[in-house]
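Let's take a short walk through one part of a protein chain. Have a look at the picture first, then read on.

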Amino acid sequence: MRSVSFYLVTDTHYFEPSLGVSGSAYNEYMKREQYFMAESSDIVKAVFSDIAADKETDIVIIPGDLSKNGEIESHKSFVKELYKLKEAGKKIFVITAGHDYGEHSRAFVNNECIQVEGTPFKQLKELYNDFGYSDAISVDERTLSYVTEISEGVRLLAINCDSEGNPKGAVDERLMQWMQVQLDDAKKTDSSVIAICHYPIIPSVPVFDLIGDAKLKHWRNVASFLADNGVKLVLTGHMHIQSVNKFVSEKGNELIDVCTSCLVGSPAKYRKIAVDSSTLDVKSIDVPDFGADMNGLTTQEFFNRQFKYTIINRINGMFNSDG
């Protein structure tokens, strides 16, 4: 593996607050929402500001669920923040996922939950063209998966497993064939390949192997395919937890899956990763102070309080008629 370092930020769930985040309907919704909605834009801006200040590492990777729930205005605002990072000298590579498209976007205005304009899947490539697609070596137009060079001799295989062109949370045979062509081409140029995928490829904990939406469908097949084709590292999100897991194929080839938490909800972390031929250094970084009134709590205590509040309300709801 050739040497490369980068920031990994997942599940930003950016929401444009001017759409509406107040009132009784919003308060009721937030009783069971584990990550912050009204504060998400401030959280993203604070994290991006810290990343921009680092003059040593110039690569930022974001594997999906960029917006809260596909609001077109959220995407437009998030893209503006990405351009600020780019102007600070960063090279940014994203993929989208299920929270980034569709017609089920909503906001909260005048004590009501209202529908707002969503984003068609086909529009996502245009929105994020400058963050992976414009310089891509190849793009699978059906899923918006792509491959590109992120540094000399290092390619990024961006696998979109959560699109309109592929079964949700899966890599079908057609997409696998496209991936094979890209990995074969990387071998011809002696390029190292890092993969990203929104869904974890390796279950973060063993019990998640029993939960359909907790990992990629047929994950052993995909993990073996990647490992046996020379991919040693995959970067994932979706589950809003922190984990690093290793898989060994029947041929004895290893794949490491670094799954990273939601940025705007507990445990609210992102990563700085350095990799070379013999080492993988994964550093977890807490979301910094983002200007909220935390009533004397630390930033992490503030996030954890919302998470506990959500869990308690969800459990209580199971035993009440409103659950």
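How far apart should the ends of helix H2 (residues 40–53) be, at 1.5 Å a residue? Keep in mind that this is a predicted model. With its 14 residues, H2 should span 20 Å, and its end C-alpha atoms are 20 Å apart, so the two values agree.

Now for what H2 tucks away. Its buried residues include Ser40, Ser41, Ile43, Val44 and Ala46, and Val47, Phe48, Ile51 and Ala52 are buried too. An α-helix has 3.6 residues a turn, so residues three or four places apart point the same way. The buried residues of H2 pack against several neighbours: strands E1 (4–8), E2 (59–63) and E13 (269–275), plus helices H3 (72–87) and H8 (299–318).

One of those neighbours, E2, deserves a closer look. Five of the five residues of E2 are buried, so this strand is largely enclosed by the rest of the structure. In a regular strand the side chains alternate between the two faces of the sheet. In E2, Ile59, Ile61 and Pro63 point one way, while Val60 and Ile62 point the other way.

Which strands does E2 pair with? Here are two partners, E1 and E3.

| Pair | Sense | Bridges | Residues standing opposite |
|---|---|---|---|
| E1 and E2 | parallel | two bridges | Tyr7 and Val60 |
| E2 and E3 (residues 91–95) | parallel | five bridges | Pro63 and Ile95 |

To get from E2 to E3, the chain crosses through H3, and this β-α-β crossover is right-handed.

How values were computed: Residues are numbered from 1 along each chain as its sequence is written. This is a predicted model: local features need pLDDT of at least 70, side-chain atom pairs count only at pLDDT 80 or more; totals for chains, interfaces and linings use all residues. Side-chain values use heavy atoms; hydrogens and water are left out. Helices (H or I, at least four residues) and strands (E, at least two) are DSSP runs, numbered from the N terminus. The expected span of a helix is 1.5 Å times one less than its number of residues. Buried means under 20% relative accessible area, exposed over 50%, partly exposed in between (1.4 Å probe, protein chains only). Contact means heavy atoms within 4.5 Å. Two strands pair if DSSP finds at least two bridges between them. A crossover is right-handed if, with the strands pointing away from the viewer, the path from the first strand over the helix to the second runs clockwise.
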